[in-house]
Amino acid sequence: MTMHEITQATIISAQERITEYVHLTPVMTSRIMDRKSGASLFFKCENFQRMGAFKMRGATNAILSLNSGRKAKGVVTHSSGNFAQAVALAGRLTHVDSHIVMPENAPSVKKAAVEGYGGKIYISASNIKAREEMADEIAQITGATLLHPSNDMDVILGNSTAAAELLEEIQDLDYILAPVGGGGLIAGTALAAHHSDTGCKVIGTEPSNVDDAYRSLQSGKIEYNTHTNTIADGLRTNLGDINFPIIQNYVDQILLVEEQEIIDAMKLVWERMKIVIEPSSAVPVAAVLKNRALFEAKRVGIILSGGNVDMMNLPF
């Protein structure tokens with residue numbers, strides 16, 4: 001399925017497909033955050049999603065979209081964190097075997113979570129080439145279907161359901177903001193907004209230290225980062241050839257924020273809203289606070305992408 005074949009009905013079908021396996025996450029507001037931003041903010045709390053992040057949506061939709069023969073052979077992915085956990089849990093819930101390639105430097109707590117969800121872990125060297133090669137090898141040996149964490153249309157459609165729910169619950173949004181890493185969430189958000197017919201614009205947000213998506217929109221081709229030095233560990237990956245055209249067509253712009261702005265926004269949400277978000281989730285919050293003139297007096301949705309935090313290594 002291509003970008004041009006997606007319709008509102010396609011997104012609704014994805015919602016219906018995954019509904020019994022994922023949480024309908026709450027939309028929260030905060031008068032303090034509204035005052036600080038000058039806008040009316042609506043936070044779609046995917047930090048309360050099963051396994052703690054929006055990635056549960058994409059993983060579940062991708063697995064459920066397989067035919068029975070492919071389900072019987074299982075799925076394989078490569079991930080150091082949230083998507084690994086999402087595929088393992090979705091696999092358990094749908095009775096589909098999951099093979100998870102994780103780099104040797106993946107946090108032990110995340111490896112334990114994947115094992116707890118029933119995923120079979122394979123340890124690779126700590127670089128993307130090694131991860132991809134091992135995942136390809138496992139797919140060839142087992143016949144398992146390879147699921148990419150962000151550059152897969154069924155994953156993107158699953159991700160789109162978070163913004164679709166937000167747009168159904170909150171009327172007349174001017175903007176929705178989401179963080180940009182591999183591009184799967186922002187692409188899904190953009191599809192949901194485009195097909196909602198509400199006129200809501202989608203803005204991506206990204207750390208200045210890993211501004212590949214920002215540069216990609218400027219140059220018209222997928223750009224890469226020479227380093228991944230950001231606290232927003234979920235945003236250290238690059239766009240793909242499936243999600244980039246969606247972003248080019250349907251994302252209004254990408255805003256950049258600095259590391260200290262991410263930390264300050266994360267701390268503010270923890271202190272004022274009393275909810276746990278991870279650094280990647282704080283990036284769109286930081287962007288709203290930084291760009292007050294753009295968002296003043298507007299109705300702004302923010303996708304809080306996840307809440308999986310190393311509690312022993314907080315940045316504040």
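Select Asp 174 to begin: this residue is found in the loop between H8 and S7. The model in the viewer is predicted. Asp 174 is partly exposed, with a relative accessible area of 30%. Setting aside residues up to four places away in sequence, Asp 174 touches Gly 199, Cys 200, Lys 201, Lys 298 and Arg 299. Add Ser 40 to the selection: 134 residues separate Asp 174 and Ser 40 in sequence, while their C-alpha atoms are 10.0 Å apart in space.

**The sheet**

Next, display the strands in the order S1-S2-S10-S7-S8-S9, which make up an open sheet of 6 strands with mixed pairing. Strand S1 (27-28) and strand S9 (253-257) stand at the edges; each has a single partner strand, so one side of each is left without a neighbour in the sheet.

At the S1 edge, select S2 (residues 40-45) as well: S1 and S2 pair in the antiparallel sense over 2 bridges. Here Met 28 stands opposite Phe 43 in S2. Now add helix H8 (residues 153-169), which packs on the sheet and touches S1, S2, strand S7 (175-179) and strand S10 (299-304). The direction of H8 makes about 135° with that of S2. Helix H12 (residues 259-273) also packs on the sheet, with contacts to S1, S2, strand S8 (201-207) and S9. The direction of H12 makes about 90° with that of S9.

Move to S8. How many of the residues of S8 are buried? The strand is mostly covered, with 6 of its 7 residues buried. S7 and S8 pair in the parallel sense over 5 bridges, and Ala 178 has Gly 204 in S8 as its bridge partner. To follow the chain from S7 to S8, trace helix H9 (residues 184-196); this β-α-β crossover is right-handed. S8 and S9 likewise run parallel, joined by 5 bridges, and Glu 206 stands opposite Leu 256 in S9.

**The nonpolar cores**

Select Leu 166, Leu 173, Ile 176, Ile 186, Leu 191, Ile 246 and Val 251, the residues with the most contacts inside the largest nonpolar core, which has 37 residues. The elements giving two or more residues to this core are helix H1 (8-18), H8, S7, H9 and helix H11 (243-250). Centre the view on Ile 176; beyond four places away in sequence, its contacts include Ala 163, Leu 166, Leu 167, Val 202, Ile 203 and Ile 303. A second, separate core of 31 residues includes Leu 41, Ala 232, Val 257 and Val 285.

**The salt bridges**

The whole structure holds 10 salt bridges. Select Glu 46 and Arg 57, whose side chains meet in one of 2.8 Å, N to O. Glu 46 lies in the loop between S2 and helix H3 (55-64) and Arg 57 in helix H3, so the pair ties together parts that are 11 residues apart in sequence. Glu 46 is buried at 0% relative accessibility, and Arg 57 is buried with a relative accessible area of 0%.

Keep Arg 57 and add Glu 165: these residues form a salt bridge, with the closest N and O atoms 2.8 Å apart. Arg 57 lies in helix H3 and Glu 165 in helix H8, so this pair ties together parts that are 108 residues apart in sequence. Glu 165 counts as buried at 12% relative accessibility. Finally, add Lys 44 to display the network of salt bridges that links Lys 44, Glu 46, Arg 57 and Glu 165.

Technical notes: Residues are numbered from 1 along each chain as its sequence is written. This is a predicted model: local features need pLDDT of at least 70, side-chain atom pairs count only at pLDDT 80 or more; totals for chains, interfaces and linings use all residues. Side-chain values use heavy atoms; hydrogens and water are left out. Two strands pair if DSSP finds at least two bridges between them. Helices (H or I, at least four residues) and strands (E, at least two) are DSSP runs, numbered from the N terminus. Contact means heavy atoms within 4.5 Å. Axes are lines fitted to C-alpha atoms, for helices over the stretch in contact, and angles run from 0 to 180 degrees between N-to-C directions. Buried means under 20% relative accessible area, exposed over 50%, partly exposed in between (1.4 Å probe, protein chains only). A crossover is right-handed if, with the strands pointing away from the viewer, the path from the first strand over the helix to the second runs clockwise. A nonpolar core is a set of buried Ala, Val, Leu, Ile, Met, Phe, Trp, Tyr and Cys residues joined through side-chain atoms within 4.5 Å. A salt bridge is a side-chain nitrogen of Lys or Arg within 4 Å of a carboxyl oxygen of Asp or Glu.
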